[in-house]
Amino acid sequence: MKYPVLRIARPTDDIDALKPFYQGGLGLDLLFEFHDHDGFDGAMFGLTGAPYHFEFTRHPDHVVGRAPSKEHLAVLYVPVHEEWHSAIERMQRAGFDPVQSLNPYWDRHGRTFEDPDGYRIVLQNAEWSR
């Protein structure tokens, strides 16, 4: 059975403010961008060929604001320590320092980063095995 593609979609007030985080920091590709599609602008970030991506949309008449809590997370599992360490360094070179997780579990084997909208990405140095 072929796996479905996962799109994590959320609104934002400023797509351009997210680009340094998702492209420069996380190292994701800008897969697609659209303007004034039924009144919405949008951008999709992911790794070419990967079965997931992040979509951010903006509508000029809809104010979104910041994330409702510090527990709004997306977790990326990076099992190879050297690759995980390089990902952490890339985030920091892009100007994003780790933040303390609300749930201390994520700080044991990972680092959490907060995007300009207040949503958080955990880079977890572990393998998903369940």
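## A three-stranded sheet and a nonpolar core

In this predicted model, an open sheet of 3 strands follows the order β5-β7-β6 with mixed pairing, where strands are DSSP runs of E with at least two residues, numbered from the N terminus, and two strands pair if DSSP finds at least two bridges between them. Because β5 and β6 (110-114) stand at the edges with a single partner strand each, one side of each is left without a neighbour in the sheet. From one strand to the next, the twist averages 20 degrees, the angles being taken between N-to-C directions on a scale from 0 to 180 degrees, with axes fitted to C-alpha atoms.

| Strands | Direction | Bridges |
|---|---|---|
| β6 and β7 | antiparallel | 5 bridges |
| β5 and β7 | parallel | 5 bridges |

Within β7, Val-122 is the bridge partner of Thr-112, and Ile-121 is that of Ala-74. Along β5, Ala-74 and Leu-76 point to one face and are buried, whereas Leu-73, Val-75 and Tyr-77 point to the other and are not; buried means under 20% relative accessible area, with a 1.4 Å probe and protein chains only.

The largest nonpolar core (buried Ala, Val, Leu, Ile, Met, Phe, Trp, Tyr and Cys residues joined through side-chain atoms within 4.5 Å) has 21 residues, of which Phe-21, Tyr-22, Leu-26, Ile-121 and Leu-123 touch the most other members. Elements that each supply at least two residues of this core include α1 (15-25), β5 (73-77) and β7 (120-124). Leaving aside residues up to four places away in sequence, Tyr-22 touches residues including Phe-45, Phe-54, Phe-56 and Ile-121, contact meaning heavy atoms within 4.5 Å.

Residues are numbered from 1 along each chain as its sequence is written, and side-chain values use heavy atoms, without hydrogens and water. Local features need pLDDT of at least 70 and side-chain atom pairs count only at pLDDT 80 or more, while totals for chains, interfaces and linings use all residues.

Definitions and conventions:
Buried means under 20% relative accessible area, exposed over 50%, partly exposed in between (1.4 Å probe, protein chains only). Helices (H or I, at least four residues) and strands (E, at least two) are DSSP runs, numbered from the N terminus.
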